[in-house]
Protein chains: 2
Amino acid sequence: MADINISSLSKRAMPTQTSGSAPAGEPIWDIIELLFFAYRDFVSDPDDVLAKFNFGRAHHRVLHFVNRNPGMKVADLLDVLKITKQSLGRVLKQLVDDGYVEQKEGENDRRQRLLYVTAKGETLAMKLAGLQSERIGRALAEIGPHAHDAARRFLVAMIDAESRDGVQKLIARADRARRPRP
Amino acid sequence: MADINISSLSKRAMPTQTSGSAPAGEPIWDIIELLFFAYRDFVSDPDDVLAKFNFGRAHHRVLHFVNRNPGMKVADLLDVLKITKQSLGRVLKQLVDDGYVEQKEGENDRRQRLLYVTAKGETLAMKLAGLQSERIGRALAEIGPHAHDAARRFLVAMIDAESRDGVQKLIARADRARRPRP
DNA sequence: TGAAATATGTCAACATGGCTGACATAAATA
DNA sequence: TATTTATGTCAGCCATGTTGACATATTTCA
């Protein structure tokens, strides 16, 4: 447990100033590089599992968001993933063909193909989310009581200001959908 | 300024327990998804600049680490990036041909090709690091005094235990090299 | 009702950046 | 001298992103 030696990093911090819009202090090297390494490890756990199913990261993203937002429209998914419909179409087709995702005609608007995970799809999605949650849970537990909140605040603040609201609403809505009003 | 509404998230937290190796609580959806969105935005700023130079993310990574660790061996770079020498070779060749990176014969071991950024290379590397630092600096400033430390601890803890030490040493060593002993 | 807009799908072609496998060269080392 | 090491390179494959063009069904609007 813990060869973590944080004190050795961050010689002289305080770059792009705590105050206003300072121009260009020394780059914040530690966070830049830690983000690279942390994100790489974060996505690597699912990658190993996905490989066994002949799926890649693209499939993971689709499966994840469909699992979290059952009944979402294709257009919504395109909006969340910010990829082209051709790129989405490729992986979505495989997920449907292999029985991980279903498409149902919209009730009001019959042009829509609402997306749902199948039982099989949910199992895989939850397995992958479980792996990532284990890593996150371990990390947060190592740090202390307010770690979750601190991490969330940091990550939210790293998102483009224009998208933050949308992202947070997406997350909150998915949470509500998953466990309906008590 | 601040459509950040953190309180709306995280209905019921405490998944993979604060204590030991609990098996499989509810996934930590917010962090999973925020990491996806935050990292996407984090790499998007450099992407736009790189596109103008006909470079991609792979070039960015190489340029970044060579800038941070002048004189590093090709083998070291392969180790950090965890890609094959063929993948590295492709982008490295372009960076050298275009005059962003130089290779010098090792003094002790003349088989080695030690890597250095040129003036041009440093300018670009610093510009990209500056963009990312602006985003990070803004985020940390928004949050509060201990944000940098909290973010660093979180990210370190997210890295595979076996690599943490190496990563932190890499960062610390690069910091020392950049501003030699006072 | 008929024209236009919308939601989705699909074909073709291309770029980037991973990968494997095989092989080449120069220099260090046993 | 024989072997190992550090690096480079050729050839080809795969995943996943892109653009552009076009097709189909359905809804909406004038």
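**Contacts with DNA strand C and between chains A and B**

A base oxygen of DNA strand C is placed 2.7 Å from an N or O atom in the side chain of Gln86(B), in a model that is predicted. A second approach to a base involves Arg90(B), of which a polar side-chain atom lies 2.4 Å from a base nitrogen of DNA strand C. The backbone of the protein also takes part, since a polar backbone atom of Arg57(B) is found 2.9 Å from a phosphate oxygen of DNA strand C.

Around DNA strand C there are 24 residues, of which Lys85(A), Arg111(A), Arg61(B), Thr84(B) and Arg90(B) come nearest. Of the atoms of DNA strand C that come within 4 Å of the protein, 54% belong to sugar and phosphate. The surface near DNA strand C draws at least two residues from each of α3 (74–81) and α4 (85–97) of chain A, and likewise from each of α2 and α4 (85–97) of chain B. The element that gives the most to this surface is α2(B), with four residues. When the residues near DNA strand C are divided by class, eleven are charged, nine are polar and four are nonpolar.

The two protein chains also meet each other, with 75 residues of chain B in contact with 75 residues of chain A. Between them, chain B and chain A bury about 8,000 Å², and 68% of this area is on carbon and sulfur atoms. Of the area that chain B buries against chain A, 8% is supplied by Trp29(B), Arg152(B) and Met158(B), which is more than any other three residues supply.

Charged and polar pairs are found across this interface as well: the rule identifies eight salt bridges between chain B and chain A. One salt bridge joins Arg68(A) to Glu33(B), with the closest N and O atoms 2.7 Å apart. Across the interface of the two chains, 22 residue pairs are in polar contact, both residues of each pair being at pLDDT 80 or more. On chain B, the side that touches chain A takes at least two residues from each of α1 (29–52), α2 (57–68), α3 (74–81), α5 (119–143), α6 (147–158) and α7 (161–178). The greatest contribution to that side comes from α1(B), with 14 residues. By class, the side of chain B that touches chain A consists of 39 nonpolar, 22 charged and 14 polar residues.

Methods: Residues are numbered from 1 along each chain as its sequence is written. Chains are lettered from A and ligands numbered from 1 in the order in which they are written. This is a predicted model: local features need pLDDT of at least 70, side-chain atom pairs count only at pLDDT 80 or more; totals for chains, interfaces and linings use all residues. Side-chain values use heavy atoms; hydrogens and water are left out. Contact means heavy atoms within 4.5 Å. Buried area is the accessible area (1.4 Å probe) that two parts lose on being put together, summed over both. A salt bridge is a side-chain nitrogen of Lys or Arg within 4 Å of a carboxyl oxygen of Asp or Glu. A polar contact is a pair of N or O atoms within 3.5 Å; within protein, one must be able to donate a hydrogen and the other to accept it, and residues adjacent in sequence count only if both atoms are side-chain atoms. Ala, Val, Leu, Ile, Met, Phe, Trp, Tyr, Cys and Pro count as nonpolar, Asp, Glu, Lys and Arg as charged, and the others, Gly among them, as polar. A residue is near a molecule or strand if one of its heavy atoms lies within 4 Å of it.
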